[in-house]
Amino acid sequence: TERRLEALVDDVLWGTITVTPAMPDQPGAVPIQASVSGYPVVQEAMARSVHRNQEYSFAVGLPLVLIILCVVFRSVFLGFVAFVPTGVTLLVTFGLMGLLPRHLPLDLGSSMLASIALGVGIDYAIHFLWRYRESGMAGAMQSTGRAILINALEITAGFVVLAFATIVPVSRFGILIAVTLLVAAIASLVLLPALCV
């Protein structure tokens with residue numbers, strides 16, 4: 001019965017269901033066409049759009065950022081090294097969304113996570129690697145490493161406040177952004193020194 005119900009819902013969503021009255025031989029009896037409209041249709045279209053835009057964003061953004069990093073550092077190796085914390089951040093964040101007992105949906109708020117993780121992760125990596133090239137590992141950890149940690153804690157504290165919002169998508173967004181920023185900072189401060197050494 002569950003499969004029949006799913007099939008019926010799909011038919012209604014796509015407007016393919018036709019209901020014929022019980023007495024079709026009566027004069028004036030016309031088949032009734034059923035279609036869903038209103039908020040459910042808008043939500044379905046929004047979900048499809050968010051998924052499509054997320055895929056397009058990944059397909060265009062990730063290679064473009066990698067190319068820019070290789071050009072900026074004039075090294076393919078350093079470009080890939082700078083990209084590692086961002087890749088780990090994206091994997092951890094989206095992995096947590098899928099592993100949590102109540103799966104967090106990819107809605108309008110959570111779809112912005114990839115862009116924010118990409119921007120913050122790359123930002124931390126560029127600052128760290130630039131200082132590393134100028135003053136070595138000790139100088140990078142003492143100056144830029146401390147700045148990255150303080151920055152991540154401050155921004156995370158600001159976004160954690162959203163976790164107490166009464167609007168569920170805003171609350172979810174605050175928690176996910178806070179986790180994303182912390183993971184980006186930790187990945188930059190742990191993985192970059194290891195890869196550079």
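Biologist: In this predicted model, how far does helix 2 reach from its first C-alpha to its last?
Modeller: Helix 2 has 35 residues, for which 51 Å is expected at 1.5 Å a residue. The reach in the predicted model is close to that expectation, at 49 Å.

Biologist: Which residue follows helix 2, and what is its phi?
Modeller: The residue after helix 2 is Arg-74. Its phi is positive, near 55°.

Biologist: Against which helices do the buried residues of helix 2 pack?
Modeller: The buried residues of helix 2 include Val-50, Gln-54, Gly-61 and Cys-70. Val-65, Leu-66, Leu-69 and Phe-73 are also among them. The partners of these buried residues are helix 3 and helix 4.

Biologist: Which helix gives the most to the largest nonpolar core?
Modeller: The largest nonpolar core has 29 residues, and Leu-69, Phe-83, Tyr-124 and Leu-129 have the most contacts inside it. Helix 2, helix 3 (76–99), helix 4 and helix 5 each supply at least two residues of this core. With eleven residues, the element that gives the most to this core is helix 4.

Biologist: Which residues does Phe-83 touch, not counting residues up to four places away in sequence?
Modeller: Phe-83 is one of the residues with the most contacts inside the largest nonpolar core. Leaving out residues up to four places away in sequence, Phe-83 touches Leu-62, Val-65, Leu-66, Leu-69, Leu-118 and Ile-122.

Biologist: How is the aromatic pair of Phe-73 and Trp-130 classed?
Modeller: The structure holds two aromatic pairs, including this one. The centres of Phe-73 and Trp-130 are 5.8 Å apart, with 50° between the planes. An angle under 30 degrees would count as stacked and one over 60 as edge-to-face. The pair of Phe-73 and Trp-130 is therefore tilted.

Biologist: How many residues apart in sequence are the parts that the pair of Phe-73 and Trp-130 ties together?
Modeller: Phe-73 lies in helix 2 (residues 39–73), whereas Trp-130 lies in helix 4 (residues 113–160). The pair therefore ties together parts whose separation in sequence is 57 residues.

Biologist: Is Phe-73 buried or exposed?
Modeller: Buried means under 20% relative accessible area. Phe-73 has a relative accessibility of 3%, so it counts as buried.

Biologist: Which residue lies over the face of Trp-130?
Modeller: Trp-130 is partly exposed, with a relative accessible area of 38%. At 5.2 Å from its ring centre, the residue over the face of Trp-130 is Arg-133.

Biologist: How is the aromatic pair of Phe-159 and Phe-173 classed?
Modeller: The ring centres of Phe-159 and Phe-173 are 6.3 Å apart, with 85° between the planes. Planes over 60 degrees apart meet the cut-off for one class. The pair of Phe-159 and Phe-173 is therefore edge-to-face.

Biologist: Which helices hold Phe-159 and Phe-173?
Modeller: Phe-159 is partly exposed, with a relative accessible area of 26%, whereas Phe-173 counts as buried at 16% relative accessibility. The pair ties together parts that are 14 residues apart in sequence, because Phe-159 and Phe-173 lie in helix 4 and helix 5 (residues 168–196) respectively.

Biologist: At which residue does helix 5 bend?
Modeller: The 29 residues of helix 5 should span 42 Å at 1.5 Å a residue, and its end C-alpha atoms are 41 Å apart, which agrees. Helix 5 nevertheless has a bend of about 25°, located at Ser-188.

Key: Residues numbered from 1 in each chain as written. Predicted model: local features only at pLDDT ≥ 70, side-chain atom pairs only at ≥ 80, totals over all residues. Heavy atoms only, no water. Phe/Tyr/Trp six-rings, centres within 6.5 Å; stacked < 30°, edge-to-face > 60°. Helix = DSSP H or I, 4+ residues; strand = E, 2+ residues; numbered from the N terminus. Buried < 20%, exposed > 50% of the residue type's maximum accessible area, 1.4 Å probe, protein only. Lys NZ or Arg CZ within 6 Å of the ring centre and 35° of its normal. Expected span 1.5 Å × (residues − 1). Bend = angle between axes of the 7 residues up to and from the residue. Core = buried A, V, L, I, M, F, W, Y, C linked by side-chain atoms within 4.5 Å. Contact = heavy atoms within 4.5 Å.
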